[in-house]
Each structure stands twice: as C-alpha cells, then as structure tokens.
Amino acid sequence: MAFAAVAAAVSAIGAVVGAYGAIQQGEAASAAANYNAQVARNNQQIANNNAVLAGQSGEQQAAVAQQKTRAEAGAIKAGEAAGNIDVNTGSAVDVQSSAAALGELNAITIRGNAARTAYGYETQATGYQDQAGLDKAQASADSTAGTIGGISTFLGGADQDSAQNIALG
C-alpha cells in the first residue's frame, strides 16, 4: 500500500512537471516567434526608409544632371557664337535642342531608375510586413499549443496514475 502511494505521488509529480514543461516550451516558442516578428517589423521600417532615400537620391541626381545639361547647352551656344554662327537659327538651334533633349532624357532615366529602386524597397517592406504577421500568428499558435500540450500531458499522467492505483489497489 505504501508503495502504491509513493508510485501515485511520483506519477502525479511527473504529470505536473511534464505539463509545466510543455507549457514552458510553448511559451518559449511563442517568445521566439514574437522576436522574429519584431525583427521583421524593424526590417520593414528599414526598407521603407531606403525607399524614401532612393527616391530622394534620384531627384538629387536628376537635378545635377539637368544643371550639367544647362551648362553644356550654354557651352555649345557660346562655342557657336565664338565661331561667328547665328545661334538663333538653323542647325545651331537644332544642336542646342538636341543637347537639351538628351539631357532631359538622361534626367528622366535617372528618375525612372530611382523609382524602380524605391519600388524594390517598398516590395521588400511589404514582404517583411507579411512575415511579421505570420510570426505573430505563429507566436499565438505556439502559446496555445503549449497550453494544450501541458493540459494533455497532465491529463495523461493523471489517467496513468489512476490506472496504476487500480492495478496496485
């Protein structure tokens, strides 16, 4: 009879410890998933900041390119004038217009490239946002699974304890 009581106590303690362990395992997994969600949110913010910086950088580069184009157009016009060419008629105007159009095309290309880079960062940010949502859902599921596992372990141990008591009884 004393052996049965000791066996029942050990079994009950085992069930409680097992249940506690299962719950703690679920909470640890949940904490890890919450950490991963925060990392993803941080990465999302970095990607959003990079998108803004890419756009700003593109605008600055385009402005510099346009200034360079204006300087080149001025140099062309000055060169034509120095060569005793009427700068307001004929092919002189065509050369100046072509230089201005090429410069504007360059600025448009710079802006387009910056927009594509920014879009890439925005897409990356969306991916990180989605990952954060998945990690938060995983954290909730891990916590629930730990609780269910703990209850199941406890009930399984209690059932085993009852079976032992009946057998030893």
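Reader: Why is the length of helix 1 said to agree with its number of residues?
Author: The expected span of a helix is 1.5 Å times one less than its number of residues. For the 81 residues of helix 1 (residues 2–82) this gives 120 Å, and the end C-alpha atoms are 118 Å apart, so the span agrees. The model is predicted: local features need pLDDT of at least 70, side-chain atom pairs count only at pLDDT 80 or more, and totals for chains, interfaces and linings use all residues. Residues are numbered from 1 along each chain as its sequence is written, and side-chain values use heavy atoms, with hydrogens and water left out.

Reader: How many helices and strands are there in the protein chain?
Author: The chain has two helices and zero strands. Both kinds of element are DSSP runs numbered from the N terminus, a helix being H or I over at least four residues and a strand E over at least two.

Reader: Why is the chain called more spread out than a compact globule?
Author: The radius of gyration is taken over C-alpha atoms, and the globule rule is 2.2 Å times the number of residues to the power 0.38. For 169 residues the rule gives 15 Å, whereas the chain has 36 Å, which is well over that value, so the chain is more spread out than a compact globule. Along the principal axes, its C-alpha atoms fill a box of roughly 125 × 15 × 15 Å.

Reader: What share of the contacts in the chain is between residues 24 or more positions apart?
Author: Such pairs account for 84% of the contacts with a separation of 6 or more, where contact means heavy atoms within 4.5 Å.

Reader: Why is Gln44 called buried?
Author: Buried means under 20% relative accessible area, exposed means over 50%, and partly exposed lies in between (1.4 Å probe, protein chains only). Gln44 has 18%, so it counts as buried. This residue lies in helix 1, and it is in contact with Ala125, Tyr128 and Gln129, leaving aside neighbours within four places in sequence.

Reader: What makes Gly103 buried?
Author: Its relative accessible area is 7%, so Gly103 falls in the buried class. Gly103 belongs to helix 2. Between Gly103 and Ile76 there are 13 Å from C-alpha to C-alpha, with 27 residues of separation in sequence. Over the whole chain, buried residues make up 24% of the 169 residues.

Reader: Why does Gln131 count as partly exposed?
Author: Gln131 has 36% relative accessibility, so it is placed in the partly exposed class. It is a residue of helix 2. The C-alpha atoms of Gln131 and Val39 are 9.6 Å apart, although 92 residues separate the pair along the chain.

Reader: Where is Val87, and why is it called buried?
Author: Val87 sits in the loop between helix 1 and helix 2. At 14% relative accessibility, Val87 counts as buried. Not counting residues up to four places away in sequence, Val87 touches Lys77, Glu80, Ala81, Ala92, Val93 and Gln96. Its C-alpha atom is 9.3 Å from that of Ile76, eleven residues away along the chain.

Reader: What is the phi of Asn84?
Author: Phi of Asn84 is near 65 degrees, a positive value in a residue other than glycine. Most residues other than glycine have a negative phi. Asn84 follows helix 1 and is found in the loop between helix 1 and helix 2. With 76% relative accessibility, Asn84 counts as exposed.

Reader: Why is the pair Arg111 and Glu59 called a salt bridge?
Author: A salt bridge is a side-chain nitrogen of Lys or Arg within 4 Å of a carboxyl oxygen of Asp or Glu. The side chains of Arg111 and Glu59 meet at 3.1 Å, N to O. Arg111 lies in helix 2 and Glu59 in helix 1, so the pair ties together parts that are 52 residues apart in sequence. Arg111 is partly exposed at 28%, and Glu59 is partly exposed at 41%. The structure holds one salt bridge.

Reader: Which residues make the nonpolar surface patch?
Author: Val16, Ile151, Phe154 and Leu155 make a patch of about 370 Å². Patches are made of residues with over 30% relative accessible area and no salt bridge; like charges are joined within 9 Å, and nonpolar side chains (Val, Leu, Ile, Met, Phe, Trp, Tyr) within 5 Å. Phe154 has 38% relative accessibility and counts as partly exposed. Helix 2 (residues 90–168) gives the most to the patch, with three residues.

Key: Areas by Shrake-Rupley, 256 points an atom, 1.4 Å probe, with all protein chains shown as cover.
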